[in-house]
Amino acid sequence: MPAQTPLKWTIGPEDHVEERVSELADAIRCYGFPYMEKNAHREAICTLIEQGQGTPFVNEKHLPALYTLLGRERKAREYIRQMAERKAELFGAHNVAVRSYIASMESIIDHVRGKVS
């Protein structure tokens, strides 16, 4: 939407349902579809995530794979290192979550690299 803020669509019993649904459909046609088309490519998705859109837990898993698919494996590994450092600060350097994150992300990079080659 133009305001760049989440918009909550509610339709109550006092509303004219057809009119409200028509407004919702128009908004999807005018703003939703163009947004999805503009951001349907790997580079665009990567940019959105880098700008902080999405949820951090999902982003930290997808961004290394996206970097690898875009041929930026060095950047993927640097991102993993930074995330591991953050997790180490929170949980301790030898925490299972930190080691598990690194191993799973390295595995994703290896898998994606194998598919791209």
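Buried means under 20% relative accessible area, exposed means over 50%, and partly exposed lies in between. Keep these cut-offs at hand for the exercises below, and remember that this is a predicted model.

**Exercise 1. Sorting three residues**

Task: Decide whether T47, T68 and R74 are buried, partly exposed or exposed.

Solution:
- Step 1. Start with T47, which sits in helix α2. Its relative accessible area is 30%, so T47 is partly exposed.
- Step 2. Go on to T68 in helix α3. With 6% relative accessibility, T68 counts as buried. Leaving aside neighbours within four places in sequence, T68 is in contact with A76, I109, V112 and R113.
- Step 3. Finish with R74, which belongs to helix α4. R74 has 75% relative accessibility and therefore counts as exposed.

**Exercise 2. Checking a helix with a ruler**

Task: Find out how the expected span of helix α4 (residues 73–91) compares with the distance between its end C-alpha atoms.

Solution:
- Step 1. Helix α4 has 19 residues, and the expected span is 1.5 Å times one less than the number of residues.
- Step 2. That gives 27 Å.
- Step 3. In the model the end C-alpha atoms are 26 Å apart, which agrees.
- Step 4. Look just past the end of the helix: G92, right after α4, takes a positive phi of about 100°.

**Exercise 3. The two sides of α4**

Task: Work out which residues of α4 are buried and how they are arranged around the axis.

Solution:
- Step 1. List the buried residues of α4: A76, Y79, I80, M83, A84 and K87.
- Step 2. These residues cover an arc of only 135° around the axis, which puts them on the same side of α4.
- Step 3. Now turn to the other side of α4, where R74 and E89 are exposed.

**Exercise 4. A buried glutamate**

Task: Locate E60, say whether it is buried or exposed, and name the side chain that it joins in a polar contact.

Solution:
- Step 1. E60 lies in helix α3 (residues 56–69).
- Step 2. The relative accessible area of E60 is 7%, so this residue is buried.
- Step 3. The side chains of E60 and K87 are joined by a polar contact of 2.8 Å.
- Step 4. Not counting residues up to four places away in sequence, E60 touches Y79, M83, K87, Y101 and M105.
- Step 5. Try Y101 with that rule too: its contacts include E60, Y79, M83 and K87.

**Exercise 5. The largest nonpolar core**

Task: Name the members of the largest nonpolar core and find which helix gives the largest share.

Solution:
- Step 1. Recall a general tendency: in soluble globular proteins, nonpolar side chains tend to be buried together.
- Step 2. Here the largest nonpolar core has 12 residues: C46, I49, L63, L66, Y67, A76, Y79, I80, M83, Y101, M105 and I109.
- Step 3. At least two residues come from each of α2 (42–50), α3, α4 and α5 (96–116).
- Step 4. The largest share, 4 residues, is supplied by α4.

**Exercise 6. The aromatic pair**

Task: Describe the geometry of the aromatic pair formed by Y67 and Y79.

Solution:
- Step 1. Searching the whole structure gives 1 aromatic pair.
- Step 2. In this pair, Y67 and Y79 are 6.3 Å apart, centre to centre, with 70° between the planes.
- Step 3. An angle over 60 degrees counts as edge-to-face, so that is the name for this pair.
- Step 4. Y67 is in helix α3 and Y79 in helix α4, 12 residues apart, so the pair links distant parts of the chain.
- Step 5. Both Y67 and Y79 are buried.

Notes. Residues numbered from 1 in each chain as written. Predicted model: local features only at pLDDT ≥ 70, side-chain atom pairs only at ≥ 80, totals over all residues. Heavy atoms only, no water. Buried < 20%, exposed > 50% of the residue type's maximum accessible area, 1.4 Å probe, protein only. Arc of directions from axis to C-beta. Polar contact = N/O pair within 3.5 Å; in protein donor to acceptor, adjacent residues only side chain to side chain. Contact = heavy atoms within 4.5 Å. Core = buried A, V, L, I, M, F, W, Y, C linked by side-chain atoms within 4.5 Å. Phe/Tyr/Trp six-rings, centres within 6.5 Å; stacked < 30°, edge-to-face > 60°.
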